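Please examine the sequence and the three-dimensional structure shown here. The paragraphs that follow lead through them step by step.

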Amino acid sequence: MGLSEQLERLVEEAEEHFVRRCGAAPRWTVAAPGRVNLIGEHTDYNEGYVLPMAIDRYVVMAADRPDGQARAAGGNEARVYSVELDRWATITVEGDVAPGPRGWSSYVQGAVAGCLEKGLRPGPFEAVIHADLPLGGGLSSSAALEVATATLVEAITGQRLDPLEKALLCQEAEHRFAGMPCGIMDQFSSIMGRQGHVMLLDCRALEAELVRMAEADLAVLIANTNVKHELTGGQYSQRRAQCEHAARVLGVRALRDATPAQLEQCRSRLDELHYRRARHVISEIARTVQAAEAIRRGQWDRLGQLMYESHRSLRDDYEVSCGELDLLVELARSIGPEGGVIGSRMTGGGFGGCTVSVVRHSAIDSVTETLYDGYLQEIGIPPTLFATRPAQGARILRPPSD
Ligand code: ADP
Ligand code: MG
């Protein structure tokens with residue numbers, strides 16, 4: 001399969017870095033993409049649906065066995081270097097590995113530990129990590145790093161993991177080694193992504209349906225607000241607890257099992273806040289399934305409408321948006337379909353991070369400019385924007401599989 005220009009350049013750079021740091025060309029090179037969620041926000045922990053796609057931005061790892069001297073120094077250790085952080089770290093590659101102090105290499109260590117548990121033993125190696133995903137920008141560089149690591153272990157050992165098992169061990173790495181209780185969407189997308197497709201992922205069954213985004217003229221524009229509002233009081237866990245409470249009152253296992261009619265019937269037994277939280281989740285799960293259907297049928301007006309409704313619901317009912325996200329969505333909406341914008345919404349947990357917009361390819365430059373100028377003028381800092389399309393999941397690039 002042909003690589004995009006973007007990925008080709010990144011791989012070339014990673015391999016050059018490897019030569020500079022480790023003295024020879026790498027024997028193995030792998031890539032794992034980031035992801036963006038088109039719709040279905042805060043639905044995963046309610047056992048609902050999400051609609052992510054892999055994006056054409058990656059964590060690349062280039063690796064080889066250590067040379068003789070380094071090999072003698074440590075038989076059960078790997079050394080990994082991050083170009084982005086300009087840091088080396090040492091990873092244990094044998095035996096039962098317990099989580100250590102948390103840091104950037106925890107993601108690598110966690111994924112290696114998971115592979116060891118499955119019987120994949122890579123032995124010592126040296127690796128260079130290089131990415132064109134923002135670190136901490138909401139496009140899941142963390143999952144891409146875990147998945148790249150597990151893919152590298154597959155390349156080294158010549159053994160393959162079952163894809164779902166691989167996603168679960170990467171998620172486990174993030175839980176146990178990085179201390180982040182994330183859902184499965186990020187790792188799943190980075191592994192199962194398919195060029196030209198979005199994935200309707202059922203977070204209860206852990207099954208995904210690929211939905212082809214057929215129209216050649218469509219691109220996905222990601223706009224990073226470059227802000228992260230640090231809020232007190234653990235907003236994420238608060239929202240989770242509120243959903244659990246609402247589910248109990250409604251008498252269902254998870255909000256996934258409640259219908260809008262049931263919610264209205266129980267309205268008097270929920271206070272206003274819990275009612276609104278539940279209304280977001282229940283309506284968002286329905287929107288996500290409808291959005292997949294709209295994409296399948298090429299009903300772009302409908303997709304746009306669902307994206308705007310999703311944003312409104314996140315802003316007003318779930319209260320996880322912020323002024324910067326609202327502004328980017330409003331700027332996109334005011335361009336409208338005539339200017340090439342199909343739809344736009346915040347994506348990710350909220351309180352900063354990115355918006356995702358579906359845009360006509362021919363309009364990418366003008367839409368990018370409008371969003372950039374409008375945001376800079378109002379907020380005073382520049383947003384970061386880039387266009388992408390649904391990309392292929394993690395791959396072994398070297399040695400080539402012919
Ligand atoms: P996101 O997944 O949205 O990018 P996270 O906070 O979950 O944000 O993960 C970001 C963290 O992942 C970084 O702070 C770093 O520890 C690790 N990471 C991701 N990419 C790299 C990289 N290229 N080099 C080193 N560490 C990385
Ligand atoms: Mg992450």
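In this predicted model, the buried residues of helix H10 are covered by several elements, including strand E9 (218–228), helix H9 (272–297), helix H11 (323–335), strand E10 (341–347) and strand E11 (352–360). The residues of H10 that lie beneath this cover are Trp300, Leu303, Gly304, Leu306, Met307, Tyr308, Ser310, His311, Ser313 and Leu314. The helix itself comprises 17 residues, 300–316. At 1.5 Å a residue, H10 should span 24 Å, and because its end C-alpha atoms are 24 Å apart, the expected and the computed span agree.

His311, one of the buried residues of H10, leads to another part of the chain. Glu41 and His311 are separated by 270 residues in sequence, yet their C-alpha atoms are 9.3 Å apart in space. Glu41 belongs to the loop that runs between strand E1 (28–37) and strand E2 (49–50). Is this loop residue, Glu41, buried or exposed? Its relative accessibility is 5%, and residues under 20% count as buried, so Glu41 is buried.

The surroundings of Glu41 can be listed. Apart from neighbours within four places in sequence, Glu41 is in contact with His280, Glu284, Leu314, Arg345, Met346, Thr347 and Gly348. Among them, Leu314 is also one of the buried residues of H10. With Gly348 there is a polar contact: the backbone nitrogen of Gly348 lies 3.2 Å from a polar atom in the side chain of Glu41.

The next topic is the ligand. There are 17 residues around ligand 1, and those that come nearest are Ser82, Gly136, Gly138, Ser141 and Ser142. A polar atom in the side chain of Ser82 is 2.8 Å from a nitrogen atom of ligand 1. An N or O atom in the side chain of Glu84 lies 3.1 Å from a nitrogen atom of the ligand, whereas Gly138 places a backbone N or O atom 2.9 Å from an oxygen atom of ligand 1. Taken alone, ligand 1 exposes 560 Å², and the protein buries 79% of that area.

Finally, the chain may be viewed as a whole. It has twelve helices and 13 strands, and its C-alpha atoms fill a box of roughly 70 × 50 × 40 Å along the principal axes. A compact globule of 402 residues would have a radius of gyration near 21 Å; the chain has 22 Å, which agrees. Of the 402 residues, 57% count as buried. Among contacts between residues at least 6 apart in sequence, 73% join residues at least 24 apart.

Methods
Residues are numbered from 1 along each chain as its sequence is written. Chains are lettered from A and ligands numbered from 1 in the order in which they are written. This is a predicted model: local features need pLDDT of at least 70, side-chain atom pairs count only at pLDDT 80 or more; totals for chains, interfaces and linings use all residues. Side-chain values use heavy atoms; hydrogens and water are left out. Helices (H or I, at least four residues) and strands (E, at least two) are DSSP runs, numbered from the N terminus. The expected span of a helix is 1.5 Å times one less than its number of residues. Buried means under 20% relative accessible area, exposed over 50%, partly exposed in between (1.4 Å probe, protein chains only). Contact means heavy atoms within 4.5 Å. A residue is near a molecule or strand if one of its heavy atoms lies within 4 Å of it. A polar contact is a pair of N or O atoms within 3.5 Å; within protein, one must be able to donate a hydrogen and the other to accept it, and residues adjacent in sequence count only if both atoms are side-chain atoms. Accessible areas come from the Shrake-Rupley method with a 1.4 Å probe; for residues, only the protein chains shown count as cover. The radius of gyration is taken over C-alpha atoms; the globule rule is 2.2 Å times the number of residues to the power 0.38.
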